There are 2 protein chains.
Amino acid sequence: MTTHVEKVLSIMRRKVVNGDYNSCDRISEVAIALEMGVSRTPARIALAALEAEGLLEKRKGRGYSVRPIQSQDVAKAIEVRSVLEGLAARNMAQNGMTADTKRRLQNSIRQSAALLESHQPSDDLIGGYQQANVIFHETLMNNCGNEFITHTFERIRHLPLTALGTLAFRPTNLDKERRRLSVGHSQHVIILDAIEKRDGARAEAMMREHSNATLNYADLFVGDYSVISVDL
Amino acid sequence: MTTHVEKVLSIMRRKVVNGDYNSCDRISEVAIALEMGVSRTPARIALAALEAEGLLEKRKGRGYSVRPIQSQDVAKAIEVRSVLEGLAARNMAQNGMTADTKRRLQNSIRQSAALLESHQPSDDLIGGYQQANVIFHETLMNNCGNEFITHTFERIRHLPLTALGTLAFRPTNLDKERRRLSVGHSQHVIILDAIEKRDGARAEAMMREHSNATLNYADLFVGDYSVISVDL
DNA sequence: ATCTAGCTTTTTGTATCCATATTTTGGAGC
DNA sequence: GCTCCAAAATATGGATACAAAAAGCTAGAT
């Protein structure tokens, strides 16, 4: 968090997805600048970025306002993510992967397998799984050979539940959640297998299904679920 | 072209895709500001936007430089566009379309059909077809019910050959090109049919194929082809 | 009471100035 | 001739100032 712009950005992201602003509130450069103790210049750059991320929308002459994000919106963003991840998987299957990429994917799978087998307490299980999950998804997207996928994904990755590898987790029913994670894990295994066998269509189909899985929890993103996301 | 930022943006887009800059050239705020006769502030904002569009890349302390866009890069961007358009087609098929959307799509198809039947001279044919083509693609993407598709697409739509409905056209062989356009036209017909019959999978598959068709010309985007694009 | 003209406030775009960081340059020492 | 360090040039981020445009408000006319 070195620059003022980044500072405003991360604070504002948190506040917006936290629901600190009402959708009818007018958010102006000056107000934000005052609130954050910075000048208008970084405030306006941050607000423009927030708009590009889909969290705010610009009113003609009345500043910005938070875009009301409902579960359907989250679902739509996840749907976009899933076709992008699907394309990434297909590309990696068709173009092949480097030894390093393969190693990373295998490591991620090994780690989550070990976690699921062991009887870790809830927090450790989830934290560890989340970590491995993010690595799997990021490795795949960032090494698929088409950098425009990552580039395009930038536009939605900061929306709630939309970051790569985000997990929604209900801590109240550990056993059930463990089974659910196992399903996700098995899909990772299948995806890697399809990539190794250069089966683009299978890799894509499985990845789309897998990436869309978060969708089932989209309507619960405010509820008794814990949303575990790496960065905002 | 009211604001300075927009002015710099459109001029720079043109210059970059035109190849006016070499990939090793350092592009700095000050240089652009001087060249365009504006101050640093709008220049900065425009350069940041250009970076977000994938046309420039930022060096740590040495300003920006044009990202060398080769045919493979264009192909990759088109591949991303095709999965986004495919998803849009699927969504529209699954959710149904409004009467207005249907009318627009039908009008576009009617217009291109009429153009292909008549024996127009080259320019009129291409111009008219392009117009109808853009309407078809934009209507579909903007009315599919998932605004994040358009939102995400923003990130690549200014790359060469990547705008919705862009046509690459070789004016030297009119008859062959007319046949090629006919193929595209028939795909529009099929896509609309699939949407009407609520066949999401067929709509998506056809749209992906159709949208990828530009890809065949990606490696020729500098050559004796005329690239017809609406806006930069 | 309503409409509108004109004034006030807010917002936005732009320019300029300042401080800091980074790169480049130039020179001293080996 | 090469290396390393210091100084200069350049780039960047940020703050503030100013102007123009847009929105809001007030008051007067109808």
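## How the two copies meet

Through which surface do the copies, chain A and chain B, meet? In this predicted model, 100% of the interface residues of chain B are also interface residues in chain A, so the copies meet through the same surface. The contact is made by 17 residues of chain B and 17 residues of chain A. On the side of chain B that touches chain A, the elements giving two or more residues are helix 4 (71-95) and helix 7 (147-153) of chain B, and helix 4 of chain B gives the most, with 7 residues. By character, the residues on this side of chain B comprise 9 nonpolar, 4 polar and 4 charged.

The arrangement of the copies can also be described by superposition: a turn of 180°, with a shift of 0.0 Å along the axis, lays chain B on chain A with an RMSD of 0.1 Å. That is the relation of a two-fold axis.

## The surroundings of DNA strand D

DNA strand D is surrounded by 17 residues, of which the closest are A:Thr3, A:His4, A:Ser39, A:Gly61 and B:Ser28. At least two residues of the surface near the strand come from each of three helices, namely helix 1 (4-18) and helix 3 (40-52) of chain A and helix 2 (29-36) of chain B. Helix 3 of chain A supplies the largest share, 3 residues. Sorted by character, the residues of the surface near DNA strand D are 4 nonpolar, 9 polar and 4 charged.

## Helix 5 of chain B

Helix 5 of chain B covers residues 99-117, and its length can be checked against expectation: at 1.5 Å a residue its 19 residues should span 27 Å, which agrees with the 27 Å between its end C-alpha atoms. Within this helix, B:Leu105, B:Ser108, B:Ser112 and B:Leu115 are buried. These residues cover an arc of only 95° around the axis, which puts them on the same side of helix 5 of chain B. Such a pattern can be read against the geometry of helices in general: an α-helix has 3.6 residues a turn, so residues three or four places apart point the same way.

The face turned away from the buried side of helix 5 of chain B carries exposed residues, which are B:Ala99, B:Asp100, B:Arg103, B:Arg110, B:Ala114 and B:Glu117. B:Ala99 counts as exposed because it has 7 C-beta neighbours inside 10 Å, where the cut-off for an exposed residue is 12 or fewer. Between B:Ala99 and B:Val5 there are 38 Å in space, C-alpha to C-alpha, and the two residues are 94 residues apart in sequence.

Methods. Residues numbered from 1 in each chain as written. Chains lettered and ligands numbered in written order. Predicted model: local features only at pLDDT ≥ 70, side-chain atom pairs only at ≥ 80, totals over all residues. Near = placed C-beta within 6 Å. Helix = DSSP H or I, 4+ residues; strand = E, 2+ residues; numbered from the N terminus. Nonpolar A, V, L, I, M, F, W, Y, C, P; charged D, E, K, R; others polar. Expected span 1.5 Å × (residues − 1). Buried ≥ 20, exposed ≤ 12 C-beta atoms within 10 Å, placed from the backbone. Arc of directions from axis to C-beta. Contact = placed C-beta atoms within 7 Å. Least-squares fit on C-alpha atoms with pLDDT ≥ 70 in both.
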